[in-house]
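Please look over the sequence and the model below before reading on. The explanation after them goes from the overall make-up to individual residues.

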Amino acid sequence: YNCSKCHTGGMFNLGIGMMFPENNRELALFECTHCKKYFSQNINLKRNRCYSCRRKPVKVDYKDIEELNCPKCKETQIEVIGFGNWD
């Protein structure tokens with residue numbers, strides 16, 4: 001993702017992949033309101049925490065991904081770019 005105003009950017013992965021039944025890994029998008037960034041984590045973990053500050057993040061609904069505002073400046077809608085389909 002990329003913000004055209006403050007140039008904040010990052011990358012996250014979504015989905016389950018072909019190994020889902022065996023590894024129980026389902027990646028969803030989370031927002032850390034303290035660190036002001038988006039990241040993906042496995043929603044099947046017992047505790048989801050921010051990688052940086054270890055606080056509890058907020059899960060972003062999948063249908064709202066195209067309408068996310070920048071986590072840093074909160075003024076501009078970020079541009080989400082599809083990078084590819086894996087597996």
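The paragraphs below take up the chain as a whole, then its sheet, its nonpolar cores and one residue outside the sheet.

This is a predicted model. The chain holds 1 helix and 3 strands, and from the N terminus on these elements follow the order α-β-β-β. Of the 87 residues in the chain, 30% are buried. The accessible surface amounts to about 6,500 Å², and carbon and sulfur atoms account for 49% of that area. If one takes the contacts between residues at least 6 apart in sequence, 39% of them join residues at least 24 apart.

The sheet comes next. Its 3 strands form an open sheet in the order 2-1-3, with antiparallel pairing. The edge strands are strand 2, residues 37–42, and strand 3, residues 58–59, each of which pairs on one side only. Strands of a sheet pair through backbone hydrogen bonds, either parallel or antiparallel. Strand 1 and strand 2 are joined by 6 bridges; in one of these pairings, alanine 28 has glutamine 41 in strand 2 as its bridge partner. These two strands form a hairpin with 4 residues between them, and lysine 36 in the turn has a positive phi of about 60 degrees. Strand 1, which spans residues 27–32, is joined to strand 3 by 2 bridges. Here phenylalanine 30 has lysine 59 in strand 3 as its bridge partner.

Strand 2 is an edge strand, but is it enclosed or not by the rest of the structure? Because 5 of its 6 residues are buried, strand 2 is largely enclosed by the rest of the structure.

The side chains can be followed from there. In soluble globular proteins, nonpolar side chains tend to be buried together. The largest nonpolar core in this model has 11 residues, among them Tyr1, Phe12, Leu29, Tyr38, Val60, Leu68 and Ile78. A second, separate core has 5 residues, including Ala28, Cys32, Phe39 and Cys50. Tyrosine 38, a member of the largest core, touches Tyr1, Phe12, Leu29, Val60, Leu68 and Ile78, among others, when residues up to four places away in sequence are not counted. Its contacts also include Phe30, Glu31, Asn69 and Pro71.

The last residue to consider is threonine 8, found in the segment before helix 1, which covers residues 20–23. Threonine 8 counts as buried because its relative accessible area is 13%, and the cut-off for buried is under 20%. Leaving out residues up to four places away in sequence, threonine 8 touches Tyr1, Asn2, Cys3, Cys70 and Lys72. Of these contacts, Tyr1, Cys3 and Cys70 are also listed in the largest nonpolar core.

Note on methods
Residues are numbered from 1 along each chain as its sequence is written. This is a predicted model: local features need pLDDT of at least 70, side-chain atom pairs count only at pLDDT 80 or more; totals for chains, interfaces and linings use all residues. Side-chain values use heavy atoms; hydrogens and water are left out. Buried means under 20% relative accessible area, exposed over 50%, partly exposed in between (1.4 Å probe, protein chains only). Contact means heavy atoms within 4.5 Å. Accessible areas come from the Shrake-Rupley method with a 1.4 Å probe; for residues, only the protein chains shown count as cover. Two strands pair if DSSP finds at least two bridges between them. A nonpolar core is a set of buried Ala, Val, Leu, Ile, Met, Phe, Trp, Tyr and Cys residues joined through side-chain atoms within 4.5 Å.
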